[in-house]
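I opened this entry to note how the strands are arranged and what packs against them. My notes follow the order in which I looked things up.

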Amino acid sequence: MHHSVSPVGYLRSCFKEKFAIPRQPQLAPAARGVLELLPPFDSGEAVAGLEQVSHVWLLFLFHQALEDTPRLKVRPPRLGGNRSLGVFATRATHRPNGIGQSVVKLDKVEAGRLHLSGIDLLDGTPVLDIKPYVPYADIVGEAHNAIADAPPAPIAVDWEDAALAQAGEQALRLGQPVVELIEQCLAQDPRPAYQIPAPERRYGVRFWDLQVRWHYPQPDRIRVLEVVREPA
């Protein structure tokens with residue numbers, strides 16, 4: 001039996017590429033986006049009452065990771081990429097139907113638009129459904145997960161003085177918490193766990209319309225080198 005689904009909207013996200021997106025929601029509270037709803041859900045009727053809710057579940061498609069052949073086992077980045085587990089024991093992006101879920105903070109409700117933070121979704125992500133977070137039902141006090149029992153330990157992040165000044169200027173221009181976004185995302189250490197970074201190697205990623213570059217002066221420390229606006 002096959003079913004077809006259609007997005008209710010698309011996310012306009014601060015994350016313009018997959019690299020450096022936090023691997024779970026809420027790890028970067030400064031990560032923001034706007035969910036733009038499609039007809040007929042953009043009239044305001046579909047979100048009536050949602051202003052009483054602090055968080056929502058998003059069901060979405062990993063639209064850049066869709067695969068024709070299902071994977072039975074995957075290698076989660078959390079385990080260093082060198083240990084395989086059954087796909088249903090992980091939250092890897094390689095899903096049988098490409099479906100993901102995230103609980104995110106709902107900052108503002110408008111007709112046809114939801115302003116969100118704490119997101120972990122790529123720009124352009126198709127959202128299939130929105131459901132209110134219900135604390136008494138969604139919090140399970142005795143729940144446990146021996147595979148991922150705590151968030152990953154953050155890596156230290158510091159700045160070149162010029163890069164910090166650049167980030168501050170861009171934050172004012174965008175009206176976004178750029179410094180916090182960079183620090184919170186890079187603290188998750190986006191490089192593959194098996195990779196030992198050389199100090200001379202430069203890494204980069206796009207947040208909003210910015211190019212952020214950094215290196216690892218030591219394996220357990222990141223230094224932000226540059227934050228520049230991309231050419232129009």
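I began with histidine 55, which stands opposite lysine 105 in E6. The model is a predicted one. I then looked up the two strands around this pair: E3 covers residues 55-61 and E6 covers residues 99-110. They pair in the antiparallel sense, over 7 bridges.

Next I asked which sheet holds E3 and E6. I found a closed barrel of 6 strands, running E1-E2-E7-E6-E3-E8, with antiparallel pairing. On average, neighbouring strands of this sheet are turned by 45 degrees against each other, direction ignored.

I moved on to the open sheet. It has 4 strands in the order E9-E12-E11-E10, and the pairing is mixed. I noted strand E9 (156-159) and strand E10 (203-207) as the edge strands, each pairing on one side only. From one strand to the next, the twist averages 35 degrees.

Inside that order I checked E11 (residues 210-218) against E12 (residues 221-229). These two pair in the antiparallel sense over 7 bridges. For leucine 210, I recorded arginine 229 in E12 as the bridge partner.

Last, I asked what packs on the open sheet. Helix H2 (residues 161-174) does, touching E9, E11 and E12. I noted that the direction of H2 makes about 50 degrees with that of E12. Helix H3 (residues 178-186) packs on the sheet as well, touching E9, E10, E11 and E12. I wrote down about 140 degrees between the direction of H3 and that of E9.

How values were computed. Residues are numbered from 1 along each chain as its sequence is written. This is a predicted model: local features need pLDDT of at least 70, side-chain atom pairs count only at pLDDT 80 or more; totals for chains, interfaces and linings use all residues. Side-chain values use heavy atoms; hydrogens and water are left out. Two strands pair if DSSP finds at least two bridges between them. Axes are lines fitted to C-alpha atoms, for helices over the stretch in contact, and angles run from 0 to 180 degrees between N-to-C directions. Contact means heavy atoms within 4.5 Å.
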